[in-house]
Amino acid sequence: MARQVGNDGDINRLNETTHYAGATDFERPCLLLPRRVSHTLPPPDAIVPYLDEAGFSDTMPLRNFIFDNSLISALVEQRRLETHRFYLSWDEVTITLQDVVYHLGLRAHGNPVGGCLCDFGRWYAKETWVLVEQLLGARPPVAAHQATQRKESFTLKLVWLRNRVRQMPQTDDPETLRQYAKCYIMLLIEGYLMTDKSNNLVHLRWLPLLRDFAECKAFSWGSAVLAWTYQSLSLVAQRGVTDIAGCTPLLMS
C-alpha cells in the first residue's frame, strides 16, 4: 500500500494507509561468488615430497574441490558478526582450528605467519626481484614501461607461476625441485587457502616464508588461514558485496 504524505512513518501505528511493508527492505539476497583460481594443475610427481617437506601435501586435493555458490551464500546469510557463528535451524556452529587441521591438514600450532608487505630489501637484505629469482629460479618477464609499476605492486601473476610449474624440466636436483615446489605452494595460497579479490595475482609477502621448508613447516598456517577466512566473512557482510574471499572450501566443508 502507498504511504500518504503527512503520516509520521511509524510502522507500529496504523496511520491510514501506512503499512510496515513500506519500510521493509525487500532487496533480493545476492549470490556470492567465491574468489579462487581453479587451476586444477596436478603437481609434478617429483615435487610432491617437497610439498610434504613444507607441510602443504594435504592441501593438494583442493584443486579438485567443487564450489557451490548457493551453499556459500546461504551459510553467510546465517552468520552473525557479533559471535562469528552460523545460526542454523538445528544448532549454532562455527569454524575452529580443529576443522582447519582435519580438512586441510595444516599445522595449528607453531610460529605465527607474518611478513612485510613492501621494502623487502630492508628486511631480507636483497632487492625484491633478486629474492624472487633466488627462491623461484626465475623472475617474470616485464616490459620496460611496466618495470616501475611492478616494483611498487610486489605481486606475481598466477599465470606465470602456473606455466612455470607446467613446463618444469626433468631434473633430480633438490634445489631446483624446491624452487618449483615453492611456485606450486604460491598457487595453493592464492588460489584456495588465502584468496583475495585480485583473482590473478599473489603477493610476495608469502614467498620469504618458504625460504627454508623446515621453518615453513613449523609455521601455524592453519591459524593464518582461519584468521584470513574470518576477516573475509566479516567483509562480505557489508551491503553491496557480491564476492567472497578467504578459504571457501573450508567454509563449505
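A salt bridge is a side-chain nitrogen of Lys or Arg within 4 Å of a carboxyl oxygen of Asp or Glu. I keep that cut-off at the top of the page for the entries below.

**Entry 1: a pair that just needs the cut-off**

I started with E92 and R85, whose side chains meet in a salt bridge at 3.7 Å, N to O. The pair counts because 3.7 Å falls within 4 Å. I then looked up how open the two partners are: E92 has a relative accessible area of 36% and is partly exposed, and R85, at 31%, is partly exposed too.

**Entry 2: how far to trust the model**

A friendly reminder to myself: this is a predicted model. Its mean pLDDT is 78, with 75% of the residues at 70 or more. Which helix has the highest mean pLDDT among the elements? I found helix α1 (residues 48–54) there, at 95, while helix α6 (residues 147–153) has the lowest, at 54. I also marked residues 1–5, where the pLDDT is below 50 and the stretch has 10 contacts beyond near neighbours in sequence. Residues 17–28 got a mark as well, with pLDDT below 50 and 14 such contacts.

**Entry 3: the other salt bridges**

How many salt bridges does the structure hold? I noted three.

One of them joins R178 to E53, with the closest N and O atoms 3.3 Å apart. This pair links distant parts of the chain, since R178 sits in helix α8 (residues 174–193) and E53 in helix α1, 125 residues apart. Buried or exposed, I wondered, for R178? R178 is partly exposed, with a relative accessible area of 24%. E53 also counts as partly exposed, at 30% relative accessibility.

Next I looked up R139 and E133, which form a salt bridge with the closest N and O atoms 3.2 Å apart. R139 is partly exposed at 36% relative accessibility, and E133 is partly exposed at 38%.

**Entry 4: the sheet**

I turned to an open sheet of three strands, which run in the order β2-β3-β4 with antiparallel pairing. Why do β2 and β4 each have one side without a neighbour in the sheet? β2 (79–80) and β4 (92–93) stand at the edges with a single partner strand each, so one side of each is left free of a neighbour there.

β2 pairs with β3 (residues 85–87) in the antiparallel sense, over two bridges. In my last check I found R80 standing opposite R85 in β3. That took me back to my opening entry, where R85 forms its salt bridge with E92.

Note on methods: Residues are numbered from 1 along each chain as its sequence is written. This is a predicted model: local features need pLDDT of at least 70, side-chain atom pairs count only at pLDDT 80 or more; totals for chains, interfaces and linings use all residues. Side-chain values use heavy atoms; hydrogens and water are left out. pLDDT is the predictor's confidence in each residue, from 0 to 100. Helices (H or I, at least four residues) and strands (E, at least two) are DSSP runs, numbered from the N terminus. Contact means heavy atoms within 4.5 Å. Buried means under 20% relative accessible area, exposed over 50%, partly exposed in between (1.4 Å probe, protein chains only). Two strands pair if DSSP finds at least two bridges between them.
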